[in-house]
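Trainee: I would like to go through this model side chain by side chain. Can we start with the ground rules?

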Amino acid sequence: MAAQSDGGKSGVGFAQLYDVDTEEPLDSAAIHICQCCRTSACYWGCRSACLGSLLGGGQPAGGAGIRETYCPPREQLWLDCLWIILALLVFFWDVGTDLCLALDYYQRQDYLWFGLTLFFVLVPSVLVQILSFRWFVQDYTGGGLGEVEGLTKRGAVALGCLYPGKDRLQLATIWMWQATIHILQLGQVWRYIRTLYLGIMSRRQKEHQRRWYWAMMFEYADVNMLRLLETFLESAPQLVLQLCIMIQENRAETLQCISSLGSLLSLAWVLASYHKLLRDSRDDQRSMSYRGALLHLFWRLFTISSRVLSLALFASLFHIYFGIFVVVHWCAMAFWVVHGGTDFCMSKWEEVLFNMVVGIVYIFCWFNVKEGRTRYRMVAYYTVVLAENTILTGLWYAYRDPALTDSYAVPALCGVYLTFASGVLIMLLYYGFLHPATTHLQPSPASSCCAQLLWGLPLPPSAPPTAPPTPAHMTKSQTEDDVAETCLPVFQVRSAPPAAKPEGPLIKIDMPRKRYPAWDAHYVDRRLRRTINILQYIRPAAVGIRYRDGPLLYELLQYESSL
């Protein structure tokens with residue numbers, strides 16, 4: 001939930017704050033001495049002053065930072081709370097109006113519309129609640145965790161690190177509460193409220209701040225993934241259905257318009273919120289500001305409006321062919337995604353399921369799933385969508401009943417193309433002015449050894465050093481053997497080597513770090529998340545994560561909530 005202004009110094013909410021220590025250099029014979037800041041702390045913990053140059057604080061000449069290292073101003077922290085509260089209101093607006101509309105259809109004895117409207121509300125909701133409760137079971141019982149350096153579920157509970165107390169009644173109460181709210185289809189509501197609570201506590205509780213912060217980040221990631229799944233299984237089909245009903249009946253009721261607007265806003269809001277959180281969760285990407293998130297939201301509003309309106313016009317006349325078109329488009333988009341290659345999930349079957357869901361998303365809007373420049377893929381996608389919209393609306397206009405549709409035929413066609421053009425224009429404004437940096441972090445020429453240490457990327461040979469020269473007796477290059485020693489079995493946990501300050505356990509993962517726009521493994525792998533939670537409760541020091549593709553140490557302690 002971090003945020004950062006575009007070009008300014010107004011950061012907002014729950015921002016990541018790296019603890020940049022300024023320690024005196026140790027003896028050169030002790031451990032590796034940094035060539036940039038002449039300290040030893042950055043070798044093990046990446047917590048030296050040179051990290052500020054690499055990550056955005058005190059940028060040297062020619063360096064490009066990635067994070068603001070100052071604490072966001074308190075007067076703007078309310079934006080985070082407001083964003084979550086508005087997300088809750090949009091959720092209630094979307095689902096509440098759909099249920100009221102279904103009841104209205106039932107009272108008017110339109111049982112077909114009643115059944116379809118209720119179907120698109122209940123079935124996606126039940127599926128999402130099942131998935132949410134399954135995640136709760138995995139997180140709370142340690143399902144699939146096994147043993148982590150001798151810490152089993154029983155041992156962890158005995159140490160009192162998983163639960164506040166050992167009272168079985170308290171545990172039974174938690175299980176009953178979770179079961180009740182999921183049966184009542186309120187799993188996402190509870191997760192939103194819990195995210196807000198954890199975010200506030202992560203700011204107020206100084207003693208165990210990192211625990212609150214990471215609990216908040218994990219919870220907010222979960223609720224955004226659940227909402228993304230639900231909106232494209234419930235809100236998108238519901239929006240097409242209601243527009244199709246209004247076109248067929250040649251009239252628009254007030255409740256139908258309110259319900260359609262709620263579904264449209266829910267789709268755009270979830271997409272903007274998802275991409276904002278995804279960027280905020282990764283330390284190798286710039287955060288998206290709230291101005292950028294709002295522009296992202298309007299981009300989605302207009303492009304989805306154009307797409308849904310063309311689909312509804314076509315479906316109002318060609319019911320069977322509409323189903324065939326949706327299936328063919330879904331298969332083509334799913335094949336495109338699979339062919340491009342994605343790396344979002346931890347297993348093959350989960351990846352296949354994810355690609356199928358992304359194919360559903362592509363029926364309505366663009367969704368980036370592959371690292372690298374997306375310009376050509378977006379041009380190809382929107383060209384196909386524009387051609388499809390033209391064909392769908394053209395067929396509707398050719399076979400419509402003029403006596404019934406002349407009053408809105410031309411405005412409907414204009415709406416399809418004007419909203420599409422407006423959406424593309426807003427998208428260009430977003431990418432031109434308010435989009436975060438599209439490239440990964442570029443190492444600073446002033447930080448040769450730290451850049452290689454942090455990111456595993458060699459610097460150009462021509463990069464001139466701008467840092468003060470380091471005496472020869474204080475330098476020691478990192479050999480390949482040192483890097484090779486960092487590759488340990490998956491999820492093996494050990495204490496970090498001694499440094500200037502006491503370090504916590506280090507989780508070394510024998511797999512490459514997932515590339516943006518994928519989530520990091522410690523967000524999508526429930527076992528790893530539970531391992532982090534266990535270690536944070538039983539060890540006072542920070543828990544570090546190191547992936548195989550470089551000696552980047554992900555210091556959980558260095559993140560501070562700003563609410």
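Mentor: What follows is a set of short questions and answers on this model. It is a predicted model: local features need pLDDT of at least 70, side-chain atom pairs count only at pLDDT 80 or more, and totals for chains, interfaces and linings use all residues. Residues are numbered from 1 along each chain as its sequence is written, and side-chain values use heavy atoms, with hydrogens and water left out.

Trainee: Is strand 2 (residues 505-509) largely enclosed or not enclosed by the rest of the structure?

Mentor: Helices (H or I, at least four residues) and strands (E, at least two) are DSSP runs, numbered from the N terminus. Buried means under 20% relative accessible area, exposed over 50%, and partly exposed in between (1.4 Å probe, protein chains only). Pro505, Ile507 and Ile509 point one way, Leu506 and Lys508 the other, and all are buried. Five of the five residues are buried, so strand 2 is largely enclosed.

Trainee: Which residue in strand 3 is the bridge partner of isoleucine 507?

Mentor: Two strands pair if DSSP finds at least two bridges between them. Strand 2 and strand 3 (residues 544-547) have four, in the parallel sense. The strand 3 partner of isoleucine 507 is isoleucine 545.

Trainee: How are the rings of tyrosine 362 and tryptophan 366 arranged?

Mentor: Rings of Phe, Tyr and Trp (its six-membered ring) pair if their centres lie within 6.5 Å; planes under 30 degrees apart count as stacked, over 60 as edge-to-face and the rest as tilted. By this rule the count comes to 35 aromatic pairs. In this one the centres are 5.8 Å apart and the planes at 20 degrees, so the pair is stacked.

Trainee: Tyrosine 362 also pairs with tyrosine 381. How far apart in sequence are the parts that this pair ties together?

Mentor: The ring centres are 5.3 Å apart and the planes at 40 degrees, so the pair is tilted. Tyrosine 362 lies in helix 12 (residues 348-364) and tyrosine 381 in helix 13 (residues 375-399), so the pair ties together parts separated in sequence by 19 residues.

Trainee: Is tyrosine 381 buried or exposed?

Mentor: Take its ring partner as well. Tyrosine 362 has 2% relative accessibility, so it counts as buried. Tyrosine 381 has a relative accessible area of 3%, so it too is buried.

Trainee: Which residue forms a salt bridge with lysine 276?

Mentor: Side chains of opposite charge can pair when their charged atoms come close. The rule for a salt bridge is a side-chain nitrogen of Lys or Arg within 4 Å of a carboxyl oxygen of Asp or Glu. For lysine 276 the closest N and O atoms are 3.0 Å apart. The partner sits four residues away, about one turn of helix 9 (residues 254-281): aspartate 280.

Trainee: Why does aspartate 280 count as buried?

Mentor: Lysine 276, its salt-bridge partner, is buried at 3% relative accessibility. Aspartate 280 counts as buried because its relative accessibility is 0%.

Trainee: Which ring does the charged end of lysine 276 sit over?

Mentor: A charge sits over a ring if NZ of Lys or CZ of Arg is within 6 Å of the ring centre and within 35 degrees of the ring normal. Arginine 400 does this over tyrosine 397, at 4.2 Å from the ring centre. Lysine 276 does it at 4.3 Å, over the ring of tyrosine 290.

Trainee: How many salt bridges does the structure hold?

Mentor: One of them joins arginine 108 and aspartate 104 (3.3 Å, N to O). Another joins arginine 527 and aspartate 525 (3.5 Å, N to O). Asp139, Arg191, Arg194, Glu219, Asp222, Arg526 and Arg529 are linked in a network. The structure's count is 18.

Trainee: Is aspartate 525 buried or exposed?

Mentor: Its partner arginine 527 is partly exposed, at 36% relative accessibility. Aspartate 525 has a relative accessible area of 4%, so it is buried.

Trainee: What separates the C-alpha atoms of glutamine 185 and serine 125?

Mentor: Glutamine 185 is in the loop between helix 6 (168-183) and helix 7 (187-204). Serine 125 is 60 residues away along the chain. The C-alpha separation is 6.6 Å.
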